[in-house]
2 protein chains.
Amino acid sequence: MTARALSTPGRLNLRSVGSFHIGGQRKTLQGLPVEQVRLAVGAAARSVDPNGSYVSGQMYVQYYLQQQALSPWPIVLWHGGGMTGANWESTPDGRPGWLQRLLESGLDVYVCDAVERGRAGWSRWPDIYQHPPLFRTMEEGWDMFRIGPALTHGLKEAKAYAGQQFPTEAFEAFAAQWVPRWADHEAITLQAYEALLEKIGPCVLIAHSQGGGLALSMATRRPDLLKAVVAIEPSGAPQELPQGPACPAYLMVWGDHVHEHPVWRKYRARVDEHQQQLSAIGAQAETLDLPQRGIAGNSHFPMLDRNSDQVLDGILHWLTPLTLQPTQELMK
Amino acid sequence: MTARALSTPGRLNLRSVGSFHIGGQRKTLQGLPVEQVRLAVGAAARSVDPNGSYVSGQMYVQYYLQQQALSPWPIVLWHGGGMTGANWESTPDGRPGWLQRLLESGLDVYVCDAVERGRAGWSRWPDIYQHPPLFRTMEEGWDMFRIGPALTHGLKEAKAYAGQQFPTEAFEAFAAQWVPRWADHEAITLQAYEALLEKIGPCVLIAHSQGGGLALSMATRRPDLLKAVVAIEPSGAPQELPQGPACPAYLMVWGDHVHEHPVWRKYRARVDEHQQQLSAIGAQAETLDLPQRGIAGNSHFPMLDRNSDQVLDGILHWLTPLTLQPTQELMK
């Protein structure tokens, strides 16, 4: 029996909703030209001096705390590349997201926007960041998120895979939630994530895509702060392995059409190798391959797919013995 | 007796937490060069083609719905320039924000990130947006947010006004939540905001600074969708006035040191003039001038100041007869 199975849809017994920024440092710029800009509706133009101090490298965290949490370990949600914490809220076709389900289940939840994504904010370049950002097209998303075969003639040709679980009618609504990203910020991103875990850990990390790769890196770096890592379609894995007595339990989750996709096939091969290395050092490291379990058609975003509740049930089923307090009669 | 006075701190009886993006349209780019970029930790470099389709001009909305809402009109929160909805969550020194207090009070709440702010995402320039963004320095914020006198020698010289209510020890934590902004996006921002109100209105709008100016514009444009507008230190007002039989009630809220500041003095004069014009056409348009009511020391961000709960009480006291259902015995 899992927490989710015992939850009441539409009933959240929270005590607190709030947020904070964490990580980052002060940067100072000088020698840039002063501009004249009209900043607000109906307002006159005024000088804007870009020279001075900024905070850069911080991340954003929104927390939802229960009246009585079912587990001593909160769930921490890390999104993937070009995304924000909005990924975990509602689905693009308006169904309840994993955030709602986790809260209904009585778990404390922290939803993160990584450095330079969403509410974390971002910095000038080339003054503070080195490079310009990357913007993802809908065409690239259609392919990379494995909604359907790669497009050679634009979105008009888009045809989803047969049995696709992603709500394709809401693909444009989904594209509305993508944000720009930088390609070379793993180090500053991990630094802020580590500061977060030092503040709130140990915890259970559910992380997706680029966030999944970062989560596997963090598990190597700070195994003491992670009870379990659920890496959903991680797009990479570190070369190193966790050291020391503590080691989180690992679950890698994969959707459909991974082996048919030239990029995802490679990413998965690397993650499978990492999992084998983890198992070899005695870590609990498992894979939830949805098609192998008879659950077909999942995209790169199982938390947004039509069967999102079913996939979360599978994850909570795996997590329950690890994360719920053994003394809790409710869960026996 | 207001909703807030009857609330229980630390008890939220919600049924649903979720989010959506609204507004915006599809834009297509072509003729840009293809790049080679390594996108994720441990991953190999791959081609990124910026040519294709994007969604631009959308905004982000997070909603918190009560088991039983105290009012038929939800509260909608619009942040100011260079900010996000995070303004309404916790204060920078970690106290509960107005979001928590409004939820404890039993009100449905929608927290917005305006177009190109926070989780709304933002677009390439000069391909989609015309201009580069603006970044606010901590020095400018210190002055414009009226924390203390303008700085001529940088932050080291920063000295807060005597009796300052802003938690100055958390000024850098506050700066961590600022995001870049564009100066010429009022039209697309109002377009998305109008789409939001068409979806959820009529409602009570609490809006700050640039958002306050936009709220006054929206009240002129769509008075039918607004029950009341609480404009907190609005940085502008439209030249036009609401037409037709329906007209929201207005409350303008001002902190301290407004008349001593060259920019805010002008903004306030314009808003005061707008309020007089509203009164002249028979609208309920009032000002809550905090220092005049004996509440001294508020900055440009009363929702973050040490007396944030007291200021919200004042607003809810004004709102209660307008927004709560008259049949509700609880509120009498």
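Colleague: Before we start, how is "buried" defined here?

Modeller: Happy to set that out, with the reminder that this is a predicted model. The cut-off applies to relative accessible area, and a residue counts as buried when the value is under 20%.

Colleague: Thanks! Is B:Glu116 then buried or exposed?

Modeller: B:Glu116 sits in the loop between strand E6 (109-113) and helix H2 (138-144) of chain B. Its phi is near 60°, a positive value in a residue other than glycine. The relative accessibility of B:Glu116 is 2%, so this residue counts as buried.

Colleague: And what about A:Ser209, buried or exposed?

Modeller: A:Ser209 lies in the loop between strand E7 (203-208) and helix H5 (210-221) of chain A. Although not a glycine, A:Ser209 has a positive phi of about 55°. With a relative accessibility of 9%, A:Ser209 therefore counts as buried.

Colleague: How is helix H4 of chain B oriented to helix H5 of chain B?

Modeller: The axes of H4 (residues 186-200) and H5 (residues 210-221) of chain B come within 11 Å and cross at roughly 60°. Angles of 65 to 115 degrees would count as roughly perpendicular, and those under 35 as roughly parallel. The crossing angle therefore makes H4(B) to H5(B) oblique.

Colleague: Lovely. What kind of axis relates the two copies?

Modeller: Chain A superposes on chain B by a rotation of 180° with 0.0 Å of shift along the axis, at an RMSD of 0.0 Å. The two copies are therefore related as by a two-fold rotation axis.

Colleague: Which residue of chain A comes closest to the rotation axis?

Modeller: Going by C-alpha, the closest approach among the residues of chain A is 2.1 Å. The residue is A:Gly118.

Notes: Residues numbered from 1 in each chain as written. Chains lettered and ligands numbered in written order. Predicted model: local features only at pLDDT ≥ 70, side-chain atom pairs only at ≥ 80, totals over all residues. Heavy atoms only, no water. Axes fitted to C-alpha atoms, helices over the stretch in contact; angles between N-to-C directions. Helix = DSSP H or I, 4+ residues; strand = E, 2+ residues; numbered from the N terminus. Parallel < 35°, antiparallel > 145°, perpendicular 65-115°, else oblique. Least-squares fit on C-alpha atoms with pLDDT ≥ 70 in both. Buried < 20%, exposed > 50% of the residue type's maximum accessible area, 1.4 Å probe, protein only.
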